[in-house]
Structures are given as C-alpha cells and as structure tokens.
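Here's a quick tour of a chain, from its overall make-up down to a few residues and an enclosed void. Have a look at the model before reading on.

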Amino acid sequence: MDVNQSDYEINDTYLDYDYVGPCSHQNNQSVEKVMGPYVHSIICILGLVGNCLVIVTYAFYKRTKSMTDVYLLNVAIADLLFVAALPLIVYNELSSWSMGPLACKLLRGSYSVNLYSGMLLLACISTDRYIAIVQARRSFRLRSLPYSRVICAIVWAAALLLSVPTFYFYNWYEPSHMKDAFLFEEEEEGTPTPPQYVCEFRFMDNSTAWRTKVAVPSTQLAVGFFLPLLVMVFCYTAVIITLMKAKNFQRHKAVRVVLAVVAVFIVCHLPYNITLLYETATMFQLHTCEESDVLQLVKTVTQTVAYLHCCLNPVLYAFVGVKFRNHFRRIVQDLWCLGKRYIAPRRFSRVTTEFFVSSRRSVDGSSENGSSFTM
C-alpha cells in the first residue's frame, strides 16, 4: 500500500509541472513594435531617395572620372541594396517568417554582403583622399579608374566571402520551444495552431554552434567596424594636418567636412559595436531574463542608430560637393519639366510642347557636357 501510494505521488509529480519557455523580452518587443514599422520605414525612405539620387546622377549627369566617383557609386549601390532588404527582414522579424527557406538565406546573406562592402568602401574612400591630398605627387600614378574597378571587385568578393557563414547557417525552421508551446495551447483550446517559423542560425552540433556564434560577430566587429575606423582615423588625421598647412581659404570648410564624416561614422556605429562586443564576450554566461531583455533592448536601439548611416552617406560623401549639388538641381529641373509635360491637359498639348522644348534646350544648352535625364 505504501509503495503504490509513493509510486502514485512520484508519477503525479512528473505529470504536474509548468512549462518554462525562453525569456519573453517584453520591453524589447515593445520597442521593436515602434522601431520596425515607423523608424525603419523612415530610414528606408530616406536611404532609397538619397542613394537613388546618387546613382541617377552618375548614370545620367556625371560620369565616373576618378577613383572617388567609382567608390561613391559602389557605396550608393551597397546602401541601396541594404535598405531594400531591410523592410523585408524587419517584417519577418515582427511576425513569423513567411517567405520560405530560399528568401531566408538570400535576404540575410545579401544583408551581410552589403554591410561589409559598404564599410570597406568607406575605408577605400578615406584612403583615396589620403593619397590625393597627402601623397599628391604619387596620386596621378596610384589613382586611376582601372585600379578603382579592380579594388571594388576585390571588396565585393571579400564581402561575399565573409558572408559565406551567414548564407550557410541561416535556416528556415520551427523552433522546438514553439512546438511545445503550441502543443500545450492545442490541448487547452482544442484548435490547431499554425506553425511559427523563424529565420535564424541553426547548427547540427554544439562545437559548430560555439565556433560560429563567436566567429561571425567577431569578424563583423573586426572587418566591419574596427578596420574601417582605424583606416579613416589614420587617413583623415593626415589629411587634416596637410590641409592646415595649406594656404587655402577653403581649408577650414574641408576640415569641417572631414571631421563631420569621422564623427558621424563613430556616433552611428560605435554604440552598436560596443553592444555587440559585450554580447559576444558574455554569450555563454548565464543571464536573468531582465538582464537579457535590457541587452536586447540596447542592441535594438543602437542597431537602428547604425542603420541611419546609410541615409547620411549620400549627404556626407556626395552632396557636400558643389558639382553634385549642381547635378541635383538639374535632376529636380528635369523632373519638374517631365511632370508638367505629362500632367498638362491634352487641349493645351501644342502650347505646352513648344514651351517645354524651348525650356529644355535652354537648360541643356547652358549645362555641362553629359547625357540628359529626359533623354
């Protein structure tokens, strides 16, 4: 009798337990609900507009005549692809990943490629300006279009190579804790719950997981932040020293632009990379749910600040120059003429056609050589 009763109590102990899932991160989820649809949407719109203007300027108005032009065009392409993939990733992070396994690998992988290529190209721009200003005597030999195209090809190949782990280990799957949670919900409610898939790292063994989870963020920190930062600090410090020695009335403006470029880079990327460094260093330590929630919240906010840099690149690197601003005015004028041409009523078509043909001739005739956007 006593033995049977004890067996019953033991069995009852195993049956009467509470399911304990992963941390909910409620504070971080509340912030993501604001950052995702609103802040990231603004970043995407500004990034698309600014980088599209840079690409349109190079395609129709300003040909790539120097290494800096080639680098700026590639930076704009990398930033444009970056912001194009961002809304899809944010949408699937806020809900279950509904785009399948192929889109999971392509979006995450392209996101990583554009991140690495954009940062490395910024280092190339600072190196090019260092050669042009500090090493002016050697600049004619070192700064050529064939060299710049080869360097850009190397940068894109290196970014693709560095992103191979992202392409390989990101997978589309249903986590086991979600399966268990939905099993309990189905037993309580009696209605089947649709599976919830995620697009995250997935590993077959613990050793591979340990190495990859340390190697991927460490590579991102080393190549995607500290290397470009060191190159920019070294090159722009030498540029500022050279400009301060020059007897040019525009040197102070040039120095302010250089300082703005470095300051914006540090302000945008330093907080997120410090957070990523701390997360990587304490990855295998035990944390309470409150500590983990705070870390994820800080990571979400600082990552959004880092995304702002893709919107500021066109302003800092392209539209600060006088020539780019003139080309931008031509784009606005041509778009205005196109809009009036196609919006004007047909009964005034003859008058408006004569007017805009003459106005277009006056605009194109007084401009620099180059192809017109209105074709």
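How many helices and strands does the chain have? There are 14 helices and 2 strands. Bear in mind that this is a predicted model, so let's start with how far to trust the coordinates, given that low pLDDT means they should not be read in detail.

**Confidence**

Averaged over the chain, pLDDT is 77, and 74% of the residues score at least 70. Residues 1–17 fall below 50, and beyond near neighbours in sequence that stretch has 1 contact in the model. Residues 346–375 also stay under 50 in pLDDT, though here the model has 31 contacts beyond four places in sequence. A word of caution applies to both stretches: where pLDDT is low, the predicted coordinates should not be read in detail.

**The chain as a whole**

Of the 375 residues, 37% count as buried. The accessible surface adds up to about 22600 Å², and carbon and sulfur atoms own 64% of that. As for contacts with a separation of 6 or more, 78% are between residues 24 or more positions apart.

**Three residues in their helices**

Here are three residues to click on.

| Residue | Helix | Relative accessible area |
|---|---|---|
| S126 | α4 (residues 100–133) | 0% |
| W210 | α9 (residues 206–245) | 47% |
| T275 | α10 (residues 251–281) | 8% |

Take S126 to begin with. Is S126 buried or exposed? S126 is buried, because its relative accessible area is 0% and the cut-off is under 20%. Leaving out neighbours within four places in sequence, S126 is in contact with V231, M232, C235 and Y236. S126 and M232 sit 106 residues apart in sequence, yet their C-alpha atoms are 5.6 Å apart.

W210 comes out otherwise: at 47% relative accessibility, W210 counts as partly exposed, because that value lies between the 20% and 50% cut-offs. W210 also has a sequence-distant partner to check, F284, which is 74 residues away along the chain and 8.9 Å away C-alpha to C-alpha.

What about T275, and which residues does T275 touch beyond four places in sequence? The list is L295, V298, K299 and T302. With a relative accessible area of 8%, T275 is buried, because 8% is under the 20% cut-off.

**The enclosed space**

Now for the voids. Rolling a probe the size of a water molecule over the atoms shows where empty space is left. The count here is 2 cavities of 30 Å³ or more, and the largest cavity has a volume of about 50 Å³. Which residues line the largest cavity? They are N51, V54, L72, V75, A76, N313, P314, Y317 and A318. The elements giving two or more residues to this lining are α2 (26–61), α3 (67–94) and α12 (309–318). The largest share, 4 residues, comes from α12. By class, the lining has 7 nonpolar and 2 polar residues, with no charged ones.

That brings us to α12 itself. α12 is mostly covered, with 8 of its 10 residues buried. The buried set is H309, C310, C311, N313, P314, L316, Y317 and A318. Among the residues lining the largest cavity are N313, P314, Y317 and A318, and these appear in the buried set of α12 too.

Notes. Residues numbered from 1 in each chain as written. Predicted model: local features only at pLDDT ≥ 70, side-chain atom pairs only at ≥ 80, totals over all residues. Heavy atoms only, no water. 1 Å grid on protein atoms, 1.4 Å probe; cavity = no way out; pocket = protein on both sides within 12 Å on 5 of 7 lines; lining within 4 Å. Points joined across faces, edges and corners; volume = space filled by probe spheres on them. Nonpolar A, V, L, I, M, F, W, Y, C, P; charged D, E, K, R; others polar. Buried < 20%, exposed > 50% of the residue type's maximum accessible area, 1.4 Å probe, protein only. Contact = heavy atoms within 4.5 Å. Areas by Shrake-Rupley, 256 points an atom, 1.4 Å probe, with all protein chains shown as cover. pLDDT = per-residue confidence, 0-100.
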